[in-house]
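Biologist: Could you take me through the aromatic rings in this one, slowly and up close? I'm still new to reading structures.

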Amino acid sequence: MRTIYFKRLMLLAMVLFSSLLISCGEDDGPKEPEVLLPNLDGLYVYGTSTVAAEPGGAASKINLAILDPGQGAQVESMDGVFGKFIHIGANSTISFAYVSGGEGVVYGADGGGSLDSANTVGGVINDKVIHGTLVQDADPINVTNAGLYYVFVNINTESFTLMEVKANMIGDATELQWSAGTALALKSSDNDKTVFEGTGLALTGATGYRYRFNDGWHVYSDETIVTLSSLGVPSYGDAWDSGINDLGFYLDNIPHKETGIFTVTLTFTASTGEWEEVKTKTGDLENDYSSLEIGWFGNAYLIDGAEPSEQWGTVHLVKTPTKDLKLYNWTWTIELIEGRSFVLRDPDGTVWITHGGAAKVGGAFDDGDIIKEDGQDNYFVVTPGIYEVTFTINSEDDGRTLTMERTTQFPDYSDREYGIFGNAYFVEGTTEGAWEAIHHIKTPEKDGNKYNWTWTLELIEGRSFVFRENAENGEWVTYGGAAKIGEAFESELIIKEDGQDNYYVATGGNYDITFTINAEDEGRILNIVPAQ
């Protein structure tokens, strides 16, 4: 009886031991919960400390990425190419779920993804991004820093990029203009809303700007796919007229009207996907133009009575302004040539004052003496003459004004040298002149607006002469080049040389000679009379 009982106990022990072995052979760790995929086709993002813990619903769904219609394939979106702004918390992980035709796949990345320069994965931004190849059922993607991220996924190539968003302003309204962005610091970020803000920003009125991210224009760019990664408005003109900047991924720049110091707040709202700005003026800004050099550029002006070299190649008559309270003034008195054109600009080519670049004031514009050049935004000279020109910048609002008045001021011939040229006179004593050099050179005496050059000379009968300006390419005053008055012409003591346009001495003797230029009409008069 004891033996039977012992055998039964041994049998029961063996059964219990086998059961224990079977139990120990199973995975005794916690089982990964199976991801419940949504029924609706699309791409979803989910994870720890982000917009959704599980795929499904509007918060986790990623729409097609907004592309630049002017670049690449020139389309606004492309099948299989997705983009979305989402908040991700610190030290989090995310995964993607892709559903197509009722079949779903969960994606991660080997090693949780890599952190490298955006340039290595097609980005045109100045920053590092998390990126990798999408692998089915692989490790979730690791995210260290908390903040707003732009998620870019190309299902067609099974690749992804995560960019931690850093916002800035760029454009003519900012101090750095288009050369670099002005940073807007991250103020706050959660699943609902992200706020960037910049304080003490100096902004210039009557200009435009954009918001862009991470010092670049495209999160991703290749031959066909180019993301539109900066904020503009649908229409600059409409936004200016309405005073409302409806921000979005548009190509037109955002208008800014007023010069001053501003606090700029840029807010992203996850539920709507919309961006909004608030610009609060906190102070006045007076730009300092004291060192700004402005000059003339074109082929419509004379310098010292002659056309300058390198027309349309060099800026001439460059100067800095004089300041009158908030006004900076550049002034010139200049002779302009009919049928020619010009603009004002700085030597570096940064500041151009074209016909549309400044308000136009003064009689020259009112009377049509200066107009817009046909087909160009240059100033065109209809009426030649001397002009008083003032270009003004108002530092309070950065407004530009060009004032032009055609003046009654006449050319100044005080330094012009004229002499006699030929073989009809004596140089020194009995030395005769020759057709080799200008002799008896002198400057004029001024009488009102008339300039007079006078000589008393012995002229040799049967010889000829002209008057010449003593300058390179100087003027020749021939027989037909001046009005002729005085007894020498009336009595035909001096006549036109046969076959030449020279003055011919028909009767030799001593003569008083006066050559006159009337600055009012630039008329030339030659008066020759026998000396008394």
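Modeller: Let's start with a word we'll need: a residue is buried when its relative accessible area is under 20%. Keep in mind, too, that this is a predicted model.

With that cut-off in hand, look at F342 and Y379, which are both buried. Their rings make a stacked aromatic pair, with 5.2 Å from centre to centre and 15° between the planes. This pair ties together distant parts of the chain, since F342 belongs to strand β25 (residues 341-345) and Y379 to strand β29 (residues 379-381), 37 residues apart.

That's one pair, but by the pairing rule the count comes to 35 aromatic pairs. Take W296 and W332 next: their planes stand at 90° with the ring centres 5.8 Å apart, so this pair is edge-to-face. Here again distant parts of the chain are linked, 36 residues apart, with W296 in strand β20 (residues 294-298) and W332 in strand β24 (residues 327-336). Are these two buried or exposed? W296 has 0% relative accessibility, so it counts as buried. W332 comes out at 6%, so W332 is buried as well.

Now move along to a group of rings. Y418, W453, W455, F465, F467, Y479, F489, Y503 and F515 form one aromatic cluster. One of its members, Y479, also has a charged neighbour: K484 lies over the face of the Y479 ring, 4.5 Å from the ring centre. You can find a similar arrangement at F421, where R468 lies over the ring face at 4.7 Å from the centre.

While you have the model open, have a look at the largest pocket too, with its volume of about 750 Å³. It is lined by 24 residues, and those closest to the pocket centre are Q177, T204, Y289, D398 and R400. Two strands, β26 (352-353) and β31 (399-406), are the elements that each give two or more residues to this lining. Sorted by type, the lining has 8 nonpolar, 10 polar and 6 charged residues.

One last stop, away from the rings: N214 sits in the loop between β15 (207-213) and β16 (230-231). Loop or not, N214 has just 3% relative accessibility, so it counts as buried. Leaving aside residues up to four places away in sequence, N214 touches I125, N126, D127, M163, E164, V165 and K166.

Notes. Residues numbered from 1 in each chain as written. Predicted model: local features only at pLDDT ≥ 70, side-chain atom pairs only at ≥ 80, totals over all residues. Heavy atoms only, no water. Phe/Tyr/Trp six-rings, centres within 6.5 Å; stacked < 30°, edge-to-face > 60°. Helix = DSSP H or I, 4+ residues; strand = E, 2+ residues; numbered from the N terminus. Buried < 20%, exposed > 50% of the residue type's maximum accessible area, 1.4 Å probe, protein only. Lys NZ or Arg CZ within 6 Å of the ring centre and 35° of its normal. 1 Å grid on protein atoms, 1.4 Å probe; cavity = no way out; pocket = protein on both sides within 12 Å on 5 of 7 lines; lining within 4 Å. Points joined across faces, edges and corners; volume = space filled by probe spheres on them. Nonpolar A, V, L, I, M, F, W, Y, C, P; charged D, E, K, R; others polar. Contact = heavy atoms within 4.5 Å.
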